[in-house]
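Me: Could you take me through one single part of this protein, slowly enough for a first-year student? I would also like to see how that part fits in with its surroundings.

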Amino acid sequence: MFEDTRRVGVHEVPDATIVDATDVVIRVTASAICGTDLHMYDGRTGAEPGLVLGHEPLGVVEQVGSAVQMVSPGDRVVIPTHMYCGVCYNCARGYTAACLRVRPGGFGAAYGYAGMGDYRGAQAELLRVPFADANCIPLPGEPYDEHEDDFVLLADAFVTGWHATELARVGAGPAPVAVFGAGAVGLLAAYSALLKGAGEVYVVDGVTARLEKAGELGAVPVDFRAGDPVEQIRERRRQRGLPPGESVLDGVQHGIDAVGFQARDRAQPDAELPFQVIDDLARLVNPTGHLGIAGVYADRDMHPAPDGSTSGALTVPWATLFAKGVSVGFGRTHDRRYTTRLRDLVLTGRAHPGRIVTHHGPLSEAPELFAAFDRREHGVVKAILRP
């Protein structure tokens, strides 16, 4: 539970129960800590004390509402971060992150997420899941089997990483890709690009453990502490050898921002510079290239950096992007487009997203894991709580 800036605690709360006939209650077996949780943990997004955090749950159905038809008690399920009704105008067109029914007066909702509806989070023993027939993704196996870490990442990180490659129009083929940010989403965006057949995938970060993980996945790690990452990538591409007639296209065709509004200033890594990543990607992407913005840009920042804004406003090099004819894709993940497809990649042995998980712990260790994750200490790249 969020208690105050950079302080979470473990508390007893009333058990989750069936509220509507379309609900289920699951017993959570795994719940990941996300970089977005840190935005709230750091006091940036206006989270109120008492908020139960967490939006990446895996578990077993325990109670079922009278109108639920697709799942039964005992079924193992993963629950997407963004809940949706499945039948409204937006859901019917595949835009489930913009569901029109889950948040009266707004669109889209998520568990344990400031400003995204009044839904208790998933870093808990029990979780109520509304519109369960749409939101419960069935899985084989038993809790804590060899796919536990793979499956919990289907709730958010793997799906969002894949979505980032869709926003950046990464398709089947060898066109080069650069991902800025080697947190869980950035790593799994790079992994998704490799699964799609990208020949060169560069991952930019300034945390050694994350860069090492990028290398383990098959990407090329680029440490911005060693110099301008744009020039580092251009030099590596030239050394690799550019195709005939493409000597001036030494940038990348697809760029992904997996950092968001808390981007670090390369000149002062301990300080924030909100537009650093956008500026770098605008310089790096080739003419006619594509950008995917998967990093969070909050519409409310309680403690903005000197060059930031409480309203989420950001200076963007639109002229550069316009001159290059670059397409830019934004937005939250429309989970239902991808979840079953990525589940099946796991089941066929083609994908192992759980490779990025570095730490596990019970709920009682949440305060220590949050603190280490926030400070980028002890090699914490992705931590999973096991209630």
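Reply: Let's start with a word we will need: a residue is buried when its relative accessible area is under 20%, exposed when it is over 50%, and partly exposed in between (1.4 Å probe, protein chains only). Helices (H or I, at least four residues) and strands (E, at least two) are DSSP runs, numbered from the N terminus. The model is predicted, so local features need pLDDT of at least 70 and side-chain atom pairs count only at pLDDT 80 or more, while totals for chains, interfaces and linings use all residues. Residues are numbered from 1 along each chain as its sequence is written, and side-chain values use heavy atoms, with hydrogens and water left out.

The part I have picked for you is helix α9, which runs over residues 276-284. It is mostly covered, with 7 of its 9 residues buried. Those buried residues are Q276, V277, I278, D280, L281, A282 and L284. What lies over them? The cover includes strands β10, β13 (252-257), β14 (264-265) and β16 (285-293), together with helices α8 (229-240) and α10 (318-324). Contact here means heavy atoms within 4.5 Å.

It helps to put a second helix beside that one. Helix α12 (366-374) is also mostly covered, and 7 of its 9 residues are buried. Here the buried residues are A366, L369, F370, A371, A372, F373 and D374. Their cover includes β2 (7-8), α1 (35-41), α7 (208-217), β18 (359-361) and β19.

Follow the chain onward and you meet R376 just after α12, with a positive phi of about 55°. R376 is not a glycine, and its place is the loop between α12 and β19 (383-385). This arginine is partly exposed, because its relative accessible area is 37%.

R169 makes a nice companion, since it too is a non-glycine residue with a positive phi, about 60°. You will find R169 in the loop between α5 (157-167) and β10 (177-180), and β10 is one of the elements that cover α9. R169 counts as exposed because its relative accessible area is 52%.

For a buried residue, look at N135 in helix α3 (residues 132-135). N135 has a relative accessible area of 0%, so it is buried. Its side chain reaches the backbone oxygen of P130 at 3.2 Å. Leaving aside neighbours within four places in sequence, the residues in contact with N135 include V78, I79, P80, H82, M83, Y84 and V129.

Now step back to the whole chain. It holds 12 helices and 19 strands, and 56% of its 387 residues count as buried. Among contacts between residues at least 6 apart in sequence, 72% join residues at least 24 apart. The C-alpha atoms fill a box of roughly 65 × 45 × 40 Å, taken along the principal axes. So that is the setting in which α9 sits, with 7 of its 9 residues buried.

Technical notes:
A polar contact is a pair of N or O atoms within 3.5 Å; within protein, one must be able to donate a hydrogen and the other to accept it, and residues adjacent in sequence count only if both atoms are side-chain atoms.
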